[in-house]
Amino acid sequence: MSKKILVTGGAGFIGTNFVYYMAGKGYDQVVLDKLTYAGGKDNLDPLISAGKIRFQQGDICDKNAVKDSLSGIDYVIHFAAESHNTRSETDPELFYRTNVEGTRIMLEESFSAGVKKFIHISTDEVYGSIADGYFAEGDKKLGDSQATSAYSKSKSQADDLAMEFGRNYPVIVLRPTNNFGPWQYPEKALPRWISNILLGSKIPLWGEGLQVRDWLYAPVTSSCLEFLLEKGEAGNAYNVAANHEPEITNKTAAEWLCGLLEVDPDKWIEYIPDPRPNHDFRYALNIEKITKLGFRPLVDPFAQFRETVKWYRENQSWWKKRKEEAESIYK
Ligand SMILES: NC(=O)c1ccc[n+]([C@@H]2O[C@H](COP(=O)([O-])OP(=O)(O)OC[C@H]3O[C@@H](n4cnc5c(N)ncnc54)[C@H](O)[C@@H]3O)[C@@H](O)[C@H]2O)c1
């Protein structure tokens, strides 16, 4: 409880969920965030003004900012990244700089400062797409050849760096599937679809909408990270996923959202040609390793979708000020 945690990217989507989750449990946290388009200090203002966290605006590629943020820190949870596949097609250098170079600087500076545990947030996208079956941790090969976008390639290289550091230092790598929940920037599928409907626009579904994503609720990812801080074994990578039965296609997800927002899916879903023709079709992870260690993800997708829709209904000013910028990348 008395350990002090540095959360990089804590003003982004999963970071904000995590910071609230841990603040609720009384942890002492510092957030380091550059506040790119995806970071919102407004997310954290209630915690900052109540003195529950310290916020530092800074870039993980700036060694001095990183050194400052590490003062007195025991654990690092490293979320900061450029996170959007579509944006990575037009600015791959930025993705490489933040996701690979930034991660290297975070690792080097953290261990020079004597950090006792470092959790790097990787992604299921480092394995690429899988038609049948599930990827286990050992299926990630060195390098970025399994990854299909500049985003996932940069995350794959960052994952390798973290695993390499993990041979000599206490590093853990977490590879979660697609997250959803409050505070997700409306460029991403679920908040884009929810906010579209709330504004009276249709849901654009790519291709036939049969892609499979293993939707994981961001508060569940947060509880997983808390678990790994205590029980995770240094030098290891862990998958985490909901493993839905049956699997949820994008079409099903869109139909659920229509149902929750009380609109007719036949009228509100519009099928459009996939703008990313090599778009990964199915992500699926084997989570035996983390469940054997004792973590069971709380899986209740329909209820978690309902909570998410409720949040976007009740926080319209939050997403409305982000919506225009978010849509501009699809034009
Ligand atoms: N969202 C998902 O579904 C998902 C799934 C698996 C893994 N991940 C990984 O989880 C992490 C968080 O994802 P997210 O969806 O919350 O991302 P996000 O884009 O919502 O947030 C990223 C945060 O990082 C900050 N940031 C960006 N560049 C920075 C820099 N140079 N220095 C400091 N801060 C910087 C941004 O300001 C923002 O607050 C990422 O590493 C991502 O790859 C996300």
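Two residues are in contact if their C-beta atoms, placed from the backbone, lie within 7 Å. This report uses contacts in that sense, and the model it describes is a predicted one.

## Overall form

The chain has 13 helices and 11 strands. Its radius of gyration is 19 Å, which agrees with the value near 20 Å that a compact globule of 331 residues would have. Along the principal axes, the C-alpha atoms fill a box of roughly 55 × 45 × 40 Å.

Of the 331 residues, 46% are buried. Among contacts in the chain with a separation of 6 or more, 80% are between residues 24 or more positions apart.

## The sheet

Seven strands form an open sheet in the order β3-β2-β1-β4-β5-β6-β10, and their pairing is parallel. At the edges stand β3 (53–57) and β10 (236–240); each has a single partner strand, so one side of each is left without a neighbour in the sheet. From one strand to the next, the twist averages 20 degrees. Strands of a sheet pair through backbone hydrogen bonds, either parallel or antiparallel.

The edge strand β10 runs parallel to β6 (residues 171–176), and five bridges join the two. One residue pair can be picked out here: L174 has Y238 in β10 as its bridge partner.

## Helices on the sheet

Helix α8 (residues 218–231) packs on the sheet and touches β4, β5, β6 and β10. The direction of α8 makes about 160 degrees with that of β6.

Helix α5 lies across β1 (4–8), β4 (75–78) and β5 (117–121). The angle between α5 and β4 is about 175 degrees.

## Around the ligand

The shell around the ligand holds 30 residues, of which G9, G12, A38, G39 and A81 come nearest. By type, the shell divides into 13 nonpolar, 12 polar and five charged residues.

Two helices, α1 (13–24) and α5 (92–112), each supply at least two residues of this shell. Helix α1 gives the most, with three residues. Helix α5 thus appears twice in this account: it supplies residues to the shell, and it lies across strands of the sheet.

## Helix α7 and its surroundings

Helix α7 (residues 189–198) is mostly covered, with eight of its 10 residues buried. The buried residues are A189, L190, P191, R192, W193, I194, N196 and I197. They pack against two strands, β7 (179–180) and β8 (203–206), and against the helices α9 (250–260), α10 (265–268), α12 and α13 (316–328). Just after α7, G200 takes a positive phi of about 85 degrees.

## Tyrosine 312

Y312 lies in helix α12 (residues 301–314). Y312 counts as buried because it has 23 C-beta neighbours inside 10 Å, and the cut-off for a buried residue is 20 or more.

Leaving out residues up to four places away in sequence, Y312 touches P191, I194, S195, L198 and W319. Of these, P191 and I194 are among the buried residues of α7. Y312 also lies 7.2 Å from P182, C-alpha to C-alpha, although the two are 130 residues apart in sequence.

Definitions and conventions:
Residues are numbered from 1 along each chain as its sequence is written. This is a predicted model: local features need pLDDT of at least 70, side-chain atom pairs count only at pLDDT 80 or more; totals for chains, interfaces and linings use all residues. A residue is near a molecule or strand if its C-beta atom, placed from the backbone, lies within 6 Å of it. Helices (H or I, at least four residues) and strands (E, at least two) are DSSP runs, numbered from the N terminus. Ala, Val, Leu, Ile, Met, Phe, Trp, Tyr, Cys and Pro count as nonpolar, Asp, Glu, Lys and Arg as charged, and the others, Gly among them, as polar. Two strands pair if DSSP finds at least two bridges between them. Axes are lines fitted to C-alpha atoms, for helices over the stretch in contact, and angles run from 0 to 180 degrees between N-to-C directions. The radius of gyration is taken over C-alpha atoms; the globule rule is 2.2 Å times the number of residues to the power 0.38. A residue is buried if 20 or more other C-beta atoms lie within 10 Å of its own, exposed if 12 or fewer, and partly exposed in between; C-beta atoms are placed from the backbone.
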